[in-house]
Amino acid sequence: MSPEFITIQAPALTRFADSILRGAGVPARTARLVADTLVAANLRGVDSHGVQLLIWYCEQIAARNVDVLRAGHIASENGACMLYDGDNGIGQLISDTCCDHAIRLAKDHGIGMVVARNSTHFGAAAWWAQKLAREGFIGMVMCNATALVAPWQGRDKMLGTNPICMAVPGPRTFLLDMATTTVALNRVFKAVLSGEKSIPAGWAMDAEGNPTTDPQTALAGLPMPLGGYKGSGLAVMVEILCAVLSGGAMLTNVGGIRVKDIPMSASQMFLAIDAARFMPLDEFSRRMQFVRETVKSSRPASGYDEVLIAGDPEWRSEEARLRDGIPVSQGIWKELTALAGRLKVAVPVVANG
Ligand SMILES: NC(=O)c1ccc[n+]([C@@H]2O[C@H](COP(=O)([O-])OP(=O)(O)OC[C@H]3O[C@@H](n4cnc5c(N)ncnc54)[C@H](O)[C@@H]3O)[C@@H](O)[C@H]2O)c1
């Protein structure tokens, strides 16, 4: 492992994240839930939504933009549809509760949809869609986020990186979890914190809308909508299903993990679909396997030696990192150990630390 990274096993990193959160005043059960979700993202190789988020989560808690003691409440329930108000509690606790309600509703109605307003950051969407899938449902999860993205052909920040995620029940065949920008903005933050010299072309533009590969310019500029105007369209779709429908903060009224003066007030959507209402679950799984194998059987294009399907890169990372440990860049580790110092939390011993 390169000395640019420390390496730590998942259980030790989870304990460290849990201690930091408890040190910041988060109740024990919620701290453990948040720690589990963050380290799961690191295991999946989605470091943008791993433990580096603790830096900003703790700032939000200190700024009282997140109320660590609130869990939210049901605003209304009507058939398979529920509206939840998160009361600006911890996003992961709100999402966990909303998923439980979506599962309950889908068991009764074949489909369950919960939209939450006044929520806060929930990390990577995959954790929540997978929670729904583990219970036997097709899980779809979306959320709106800080307005950092200009609509296609514009240069004013109006949309979030609004992710879309879908997980399916049964064996691992497909798990799509993607921002509606080329990549999640936290990947640019990770590049900056890790001291990377450049980011791939197509990730971002400068403030005027010119393409850039410089991480700092990208951070001060604009994330690139996924596939141009199609990404802008998908981001608006997410905004509608999450924020318009929930009555929550929309577009530029959404705060964020790096916004100090207002609560985040994010909106999230959790949809559970009971595939078994359409066909037996094992038939669904067989058909999913067929889709997976057919897609992956395409001859690789020039420059590639295989075709992947959504979920493959993260499942591979998970296997490797469970075995070899999680690499955390020295830059991020330094921030986390400084945070631990401020909160009087012990720092674990790590390789290359
Ligand atoms: N909470 C928030 O406000 C928020 C906002 C934006 C994004 N996010 C999270 O950011 C994370 C990262 O998003 P991202 O868009 O940068 O992810 P990404 O670009 O790394 O991956 C997106 C999807 O593409 C798939 N994929 C990757 N390479 C592939 C290949 N070669 N062939 C086929 N499929 C492939 C992945 O499996 C994944 O499902 C997600 O977990 C998302 O939920 C969260």
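Colleague: How far apart do the C-alpha centres of domain 1 and domain 2 lie?
Modeller: This is a predicted model, where local features need pLDDT of at least 70, side-chain atom pairs count only at pLDDT 80 or more, and totals for chains, interfaces and linings use all residues. Residues are numbered from 1 along each chain as its sequence is written. The bounds, from an automatic or database domain assignment, are 1-62 + 314-353 for domain 1 and 71-181 + 225-297 for domain 2. Between the two C-alpha centres the distance is 24 Å.

Colleague: Which element gives the largest share of the side of domain 1 that touches domain 2?
Modeller: Contact means C-beta atoms, placed from the backbone, within 7 Å. It takes 16 residues from domain 1 and eleven residues from domain 2. On the domain 1 side, α2 (28-43) and α3 (53-62) each give two or more; helices are DSSP runs (H or I, at least four residues) and strands are too (E, at least two), numbered from the N terminus. The largest share, seven residues, comes from α2.

Colleague: Why does the largest nonpolar core lie between the domains?
Modeller: A nonpolar core is a set of buried Ala, Val, Leu, Ile, Met, Phe, Trp, Tyr and Cys residues joined through C-beta atoms within 7 Å. Buried means 20 or more other C-beta atoms within 10 Å of a residue's own, all placed from the backbone. The largest such core has 106 residues, and α2 gives the most, nine. It lies between the domains because residues come from both domain 1 and domain 2.

Colleague: Which residues does Ala102 touch, not counting those up to four places away in sequence?
Modeller: Ala102 is one of the core residues that touch the most other members. Leu132 and Phe270 are also among them. Ala102 touches Gly112, Met113, Val114, Leu132, Phe270, Leu271 and Ala272.

Colleague: Which element gives the largest share of the shell around the ligand?
Modeller: The shell has 26 residues, counted when the C-beta atom, placed from the backbone, lies within 6 Å. α5 (125-134), β7 (175-178) and α10 (312-324) each give two or more. The largest share, three residues, comes from β7.

Colleague: Which are the edge strands of the open sheet?
Modeller: Its order is β9-β8-β10, with antiparallel pairing. Strands pair if DSSP finds at least two bridges between them, and two join β8 to β10. The edge strands each pair on one side only: β9 (211-212) and β10 (222-223).

Technical notes
Contact = placed C-beta atoms within 7 Å. Buried ≥ 20, exposed ≤ 12 C-beta atoms within 10 Å, placed from the backbone.
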